Amino acid sequence: MSTGALLWRQFRFERRMFWRNPSAAFFNFALPLIFLFLIASVFGSKTKDLNTLVPGIAGLAVMTTTFTALAFNITFLREQGILKRVRGTPMPPVAYFGGLLANAVANAVVQVALVVVIGHVVYGLTWRHLDVLELAVFTLAGVVAFGSLGIAMSHAIPNFDAAPAYVNAVFLPMIFISGTFYSTSSLPGVLDAAARALPLKHVIDGLRAAIVTGSGIGHHVGALLALVAWSIGGVTLAVRFFRWE
Amino acid sequence: MVRERASDRRPVRLHGVAPGWHSGSVPEAAISVRDLRKSYGSVEAVRGISFDVARGEIFGLLGPNGAGKTTTVEILEGYRKRSGGDVSVLGSDPAARDRGLRKRVGIVLQSSGFYPRATVRESVEHMAAVYPAPRDPSETIALVGLEEKRDTRAGKLSGGQRRRLDLALALVGDPELIFLDEPTTGFDPAARRTAWGVVRKLKELGKTVLLTTHYLDEAQSLSDRVAIVKDGLLIAQGPPSELSADRARYRISYRRNGQLAQHETDDPTELLHRLTGEALERGERLEDLSVSRPTLEDVYLDLTSEEPS
């Protein structure tokens with residue numbers, strides 16, 4: 001079987017296993033949507049707030065489906081010795097990890113689409129300014145940056161029991177300063193600088209432009225460059241420190 | 001306990017380097033290892049090991065924990081890089097991580113996991129797709145005796161069943177050479193007999209097996225030849241029966257006045273004649289009289305004991 005066919009096969013296998021894992025399905029699919037419903041209910045669904053919340057949840061979904069999911073997944077696969085077994089077979093690493101990544105990307109794409117649709121159908125957010133190309137570009141940029149950072153993160157996690165602590169230490173502060181649930185225009189200077197240095201704010205800014213304001217990619221080159229820089233860093237760390245066992 | 005040894009006991013054969021190991025001496029060798037060395041920092045885990053495994057042979061690698069067995073096997077499997085020496089597995093250097101070689105080799109690691117939510121059948125079928133000419137997955141599941149569990153998820157299998165799934169995953173690619181690292185650890189006696197049957201079947205199919213085990217009866221029963229590793233060196237190798245023979249051919253034991261007496265000799269006929277003659281003269285019986293061959297376990301314990309012999 002060719003490498004491409006094996007990658008496709010691995011992807012389909014990962015999809016099947018994903019849906020059999022209730023906790024993975026919950027964290028990847030249900031959690032961002034629960035956040036959306038709860039926050040929209042608690043803080044009211046004024047258009048101004050929804051214009052912040054919907055792209056924020058879309059960005060959160062990109063991060064959970066890639067960064068969080070891959071950091072957990074790779075740690076589990078390594079600790080269980082599954083990576084070591086794969087390494088002893090003729091399975092090309094490109095096909096194996098390609099299948100794993102494609103699974104995460106599929107989750108991210110489906111989640112972003114769901115959030116955009118729910119924002120429109122349930123909360124009446126207009127699609128007048130929706131820029132699908134820009135949406136795809138920033139989703140992809142977020143997936144690459146957070147996916148590679150998730151794999152890099154897994155190298156730092158000593159064992160599966162420690163994974164939630166490591167992941168949340170990064171994940172929770174980042175979602176609170178990056179304008180996921182509320183506007184961060186009045187954030188203290190230090191936190192604002194931190195948010196600008198981290199990738200999530202740039203994903204959300206780009207997604208907001210694509211979903212809400214309709215300002216084109218040309219106005220968000222800085223955010224895109226920041227994500228490219230994080231991707232280069234993430235891929236470098238992910239490859240450089242990769243451990244099979 | 002009286003423990004006598006025949007005075008003409010021959011010394012144990014020790015190999016630093018075995019005879020006939022000049023370049024290309026065994027063209028049909030599945031595995032060839034020459035002066036293999038591996039250091040971790042300043043610690044030398046393997047300090048110059050050499051052996052050959054012929055095609056179609058079951059070769060047992062024995063030794064205490066930390067002797068260097070697993071390091072040696074993992075170098076042959078391509079998981080670790082050696083520090084020195086030469087290694088050839090089916091004609092290739094495993095350190096090159098050549099995909100073609102991995103198509104011809106099956107590995108049962110000491111511990112490795114499965115996708116817990118994949119069934120036995122799904123796991124085996126998924127693995128089969130990776131190989132160019134796999135065995136039939138159902139037949140492979142039957143070979144290791146997991147038919148009744150084929151629709152059970154891997155995460156729900158017992159320890160012994162997981163080990164059999166390990167074996168199925170290693171065999172489904174129909175490899176020429178199979179590494180078995182402690183394949184029956186945690187098995188009950190019946191499951192071990194079944195697993196031994198599988199290994200013998202592999203031999204009938206002409207496969208080569210490198211077996212690492214802690215069970216000396218397993219090594220003795222399955223292996224054509226064994227090698228004993230201690231402190232990173234190979235201290236003995238040969239067919240199990242010959243290793244035993246090197247020590248002393250026969251052991252005669254009996255009970256006299258409630259005390260166990262043991263003699264080791266190369267000539268049991270003469271010794272038995274003398275012992276029984278003396279007993280008859282005294283008007284005694286030699287209770288629990290038995291003549292046995294020393295087992296591989298005796299040899300192993302003798303060779304690997306910490307006391308200087």
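In what order do the six strands of the open sheet in chain B stand? Before I answer, please keep in mind that what we are looking at is a predicted model. The order is E6-E7-E8-E4-E9-E10, and the pairing within this open sheet is mixed. As general background, strands of a sheet pair through backbone hydrogen bonds, either parallel or antiparallel.

At the edges of the sheet stand strand E6, residues 105-108, and strand E10, residues 233-238, of chain B, and because each has a single partner strand, one side of each is left without a neighbour in the sheet. If we ignore direction, neighbouring strands here are turned by 15° against each other on average.

Let me take one pair from the sheet. Strand E4 of chain B, residues 58-62, and strand E8 of chain B, residues 208-212, pair in the parallel sense over four bridges, and if you would like a place to look, the bridge partner of Ile58(B) in E8(B) is Val209(B).

Now to the helices that meet this sheet. Helix H5 of chain B, residues 159-171, lies across E6 and strand E7 (177-181) of chain B, and runs at about 165° to E6(B). Helix H10 of chain B, residues 296-304, packs on the sheet as well, where it touches E4, strand E9 (225-230) and E10 of chain B, and its direction makes about 25° with that of E9(B).

I would also like to point out two loop residues in chain B, with the reminder that most residues other than glycine have a negative phi. Asp231(B), in the loop between E9 and E10 of chain B, has a positive phi of about 50° although it is not a glycine, and with 15 other C-beta atoms within 10 Å it is partly exposed. Arg97(B), in the loop between strand E5 (84-89) and helix H2 (99-102) of chain B, is not a glycine either, yet has a positive phi of about 55°; Arg97(B) counts as partly exposed because it has 14 C-beta neighbours inside 10 Å.

Finally, let us turn to chain A. Helix H1 of chain A, residues 3-19, and helix H5 of chain A, residues 93-121, pack at an angle of about 40° with their axes 7 Å apart, which means that H1(A) is oblique to H5(A). Their crossing is right-handed. Among the residues that make the contact are Leu6(A), Phe11(A) and Arg15(A) of H1(A), and Tyr96(A), Gly99(A) and Asn103(A) of H5(A). By class, this contact of H1(A) with H5(A) has 10 nonpolar, five polar and two charged residues.

How values were computed
Residues numbered from 1 in each chain as written. Chains lettered and ligands numbered in written order. Predicted model: local features only at pLDDT ≥ 70, side-chain atom pairs only at ≥ 80, totals over all residues. Axes fitted to C-alpha atoms, helices over the stretch in contact; angles between N-to-C directions. Helix = DSSP H or I, 4+ residues; strand = E, 2+ residues; numbered from the N terminus. Parallel < 35°, antiparallel > 145°, perpendicular 65-115°, else oblique. Left-handed = near helix turned anticlockwise from the far one by under 90°. Contact = placed C-beta atoms within 7 Å. Nonpolar A, V, L, I, M, F, W, Y, C, P; charged D, E, K, R; others polar. Pairing = 2+ DSSP bridges. Buried ≥ 20, exposed ≤ 12 C-beta atoms within 10 Å, placed from the backbone.
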